[in-house]
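Please open the model in the viewer and keep the selection panel at hand. The tour below proceeds from one selection to the next.

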Amino acid sequence: MKTDFVKRLIEICGSEHVLRSPEAIELYSRCTIPWSRTCGAVALPDNVDQVSRIVQLCNEYGTPVWTFSRGHNWGYGTVLALQQGALILILRRMNRIHEVNEELCYAVVEPGVSQGQLNGYLKSKGFNLWIDCTDSSPDGSLIGNALDKGVGYTPYGDHFGNLCGMEVVLANGQVVTTGGVSKQCPTRHIYQWGVGPCIDGLFAQSSLGIVTKAGLWLMPKPEAFEMFVIGISDPKPLAPVIDAQRKLALRGIISHCHGFNAFLALARSIGYPSHLLDGKQLLDKEVIEQLAAEQGLPPWTFVGGIYGTSRQVRTNKREIAKYLSRLGHLVFIGELSQKSLNRIVEGVRRPGFHGAFYRGLKSFLHLFVDRISTKTIESLLALYPILRGEPNEDILAAAYFKNKERQPKENLDPARDACGLIFFAPILPAIGNEIQVFLQNIERICSSNHFETAVLLIQSNPRTFIVLVPLFFDRTNAEEAERCQRTYDQLCEFLKIHHYQQYRCTTPQMDNILQDNPSYQDFMKKIKLAIDPNHIIAAGRYGV
Ligand SMILES: Cc1cc2nc3c(=O)[nH]c(=O)nc-3n(C[C@H](O)[C@H](O)[C@H](O)COP(=O)(O)OP(=O)(O)OC[C@H]3O[C@@H](n4cnc5c(N)ncnc54)[C@H](O)[C@@H]3O)c2cc1C
């Protein structure tokens, strides 16, 4: 990186906001996937004017620039650019909440606003509004996640679908606003289509601009809320469960349910049991079943939220029971039962008489659910606040599955802590049999490479499921890291053959992602050339 480029960058951002030390470069070049790129510098701009001046500077010097909001895209690429020596922009200082409109249920925020920050702000100011959050870090960015088409748990779980009216810096430094005929247009953040072609989609998973502000739709706090959990003790009815969830979602009764297999649930609650490998590279099925049984984990567990007026929640619970209760063990958890369960989980850990009392209460629970460990109850309960838009770090702990000894108590950061994780994230039609057959193939590919199969099924909309497969590996083991990459490549090849797509992919995979749709890629490249002729912004991102 040229000295006078850095000098001018410092003039724009201030010296403390341009990171160049070897320690900083090393820290910001860390990633959970087995791939490496070293950045040239990291800049932390404070406002849209600085972002605009930085891209103009990059154009002048031909320096590639990659932008991240808070930079927690673990499992896909964290803050790595495709090009060596690129400038990395992290917008975490741009964390202003410009507006919250309670009547029309939206907020206008900058990319540095985290999900924890907005949730805390709404609560502290007494707004009757909920955010939709992911089960990733509370420190994750709302805009960054939405721009990467992230998914949450409530009816507002399609994050890009709930952005409205953006401010975007283009490669020549020009600032474009979308969603209205003027910046002052009163419907800019509440009517997504604006007038004329709707261009917001051009900035999702994109190399066409840097989003510096956006409107975000929020959910009016519902009068009533309950969580449902269904445990499926026999994996055979997985297909009918998926079909039932599609039918329920198409009728607006549920949305964005998440289902996880027992192996993924284990990854959340214990470290990888390498002592049970018995000289092999892969845990035996029986060993996994035994571990799951010890934790009271059924082969599959699905969770979702029920939101509405008290009457709506009562009616929807009846509908959910009608469709799901014959397929597994269905439990509803409301405010009261959540509090009691939390008290039991806390209580069993106490010594003496108090602990004994709660242990007695917990064994009473076994009458209703199979022998279920305190850890399992605890991790199910951790989802309860997430379903209400209150993020926590409980699920993020799964990223430390093969690196438990480095898991801190709080402020988790899997890239910083050298966790090995690649997310394979295909998206499939919400057809039970199709997903079940697909999963058999995924399992075959994983086990032939000596990896167990962890799966999270995410209902991305009523018609599709993301079949998320986290591939955990030990970063200190070069052979395992290489094998993990090979597994991911084979999984991607399998998708290609069957014409499925991923909803999000790793940075090195982006090169191949549009190979089979040349007309779309060609069109996107023409747009790119027209607005970023020097290919300054994130060149190669998602194949453009
Ligand atoms: C255990 C675990 C659980 C997870 N759970 C979820 C989940 O429930 N849902 C989910 O969606 N993800 C999940 N993730 C993935 C990831 O952690 C989140 O998506 C996270 O929100 C991404 O980080 P970020 O918000 O800091 O976004 P960033 O990393 O800042 O941004 C994401 C991407 O968008 C682009 N981008 C960011 N900001 C801008 C901008 N201003 N202009 C233009 N482009 C931009 C960047 O290229 C970047 O790669 C999980 C990860 C782990 C390890």
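Select D278 to begin. At 66% relative accessibility, D278 counts as exposed, a class that requires over 50% relative accessible area, whereas buried means under 20% and partly exposed covers the range in between (1.4 Å probe, protein chains only). D278 is found in the loop between α7 (262-269) and α8 (285-294); such helices (H or I, at least four residues) and the strands (E, at least two) are DSSP runs, numbered from the N terminus. The backbone of D278 has a positive phi of about 55 degrees, although the residue is not a glycine.

The model on display is predicted: local features need pLDDT of at least 70 and side-chain atom pairs count only at pLDDT 80 or more, while totals for chains, interfaces and linings use all residues. Residues are numbered from 1 along each chain as its sequence is written, and side-chain values use heavy atoms, with hydrogens and water left out.

**Three buried loop residues**

Move next to T78, in the loop between β3 and β4 (87-90). T78 also has a positive phi, of about 45 degrees, and is not a glycine. Is T78 buried or exposed? With 6% relative accessibility, T78 counts as buried.

Now select T178, which is placed in the loop between β9 (175-177) and β10. T178 is buried, its relative accessible area being 3%. Display the side chain of D200 as well: the side chain of T178 makes a polar contact with it, at 3.0 Å. A polar contact is a pair of N or O atoms within 3.5 Å; within protein, one must be able to donate a hydrogen and the other to accept it, and residues adjacent in sequence count only if both atoms are side-chain atoms.

Continue to C133, in the loop between β7 (129-130) and α5. C133 counts as buried, at 0% relative accessibility. Add H159 to the selection: C133 and H159 are 26 residues apart in sequence, and their C-alpha atoms are 8.9 Å apart in space.

**The ligand and its shell**

Which residues are closest to the ligand? Of the 30 residues that surround the ligand, the closest are S69, H72, D135, S136 and S141; a residue is near a molecule if one of its heavy atoms lies within 4 Å of it.

Three short distances deserve display:

- From D135, a polar side-chain atom lies 2.6 Å from a nitrogen atom of the ligand.
- From G71, a backbone N or O atom lies 3.0 Å from a ligand oxygen atom.
- From R541, an N or O atom in the side chain is 3.0 Å from an oxygen atom of the ligand.

Taken alone, the ligand exposes 960 Å², and the protein buries 94% of that; accessible areas come from the Shrake-Rupley method with a 1.4 Å probe, and for residues only the protein chains shown count as cover. Colour β3 (65-68), α5 (142-147), β10 (210-217) and β16 (420-424), the elements that give two or more residues to the shell. Helix α5 gives the most, with three residues. The shell divides into twelve nonpolar, 13 polar and five charged residues, where Ala, Val, Leu, Ile, Met, Phe, Trp, Tyr, Cys and Pro count as nonpolar, Asp, Glu, Lys and Arg as charged, and the others, Gly among them, as polar.

**Aromatic rings**

The structure holds 14 aromatic pairs. Rings of Phe, Tyr and Trp (its six-membered ring) pair if their centres lie within 6.5 Å; planes under 30 degrees apart count as stacked, over 60 as edge-to-face and the rest as tilted. Select F225 and Y307, a tilted pair with 5.2 Å from centre to centre and 40 degrees between the planes. This pair links distant parts of the chain, with F225 in strand β12 (residues 224-232) and Y307 in strand β14 (residues 300-308), 82 residues apart. F225 is buried at a relative accessible area of 10%, and Y307 is buried at 13%. Add W130 and Y384 to see the cluster that ring pairs form with F225 and Y307.

**Charges over rings**

Select Y272 and K402: the charged end of K402 sits over the ring of Y272, 4.3 Å from its centre. For this description, NZ of Lys or CZ of Arg must be within 6 Å of the ring centre and within 35 degrees of the ring normal. R483 likewise lies over the face of F451, at 4.9 Å from the ring centre.

**Last stop: helix α12**

Finally, select residues 374-381, helix α12. Six of its eight residues are buried, so the helix is largely enclosed by the rest of the structure. The buried residues of α12 are T374, T376, I377, S379, L380 and L381.
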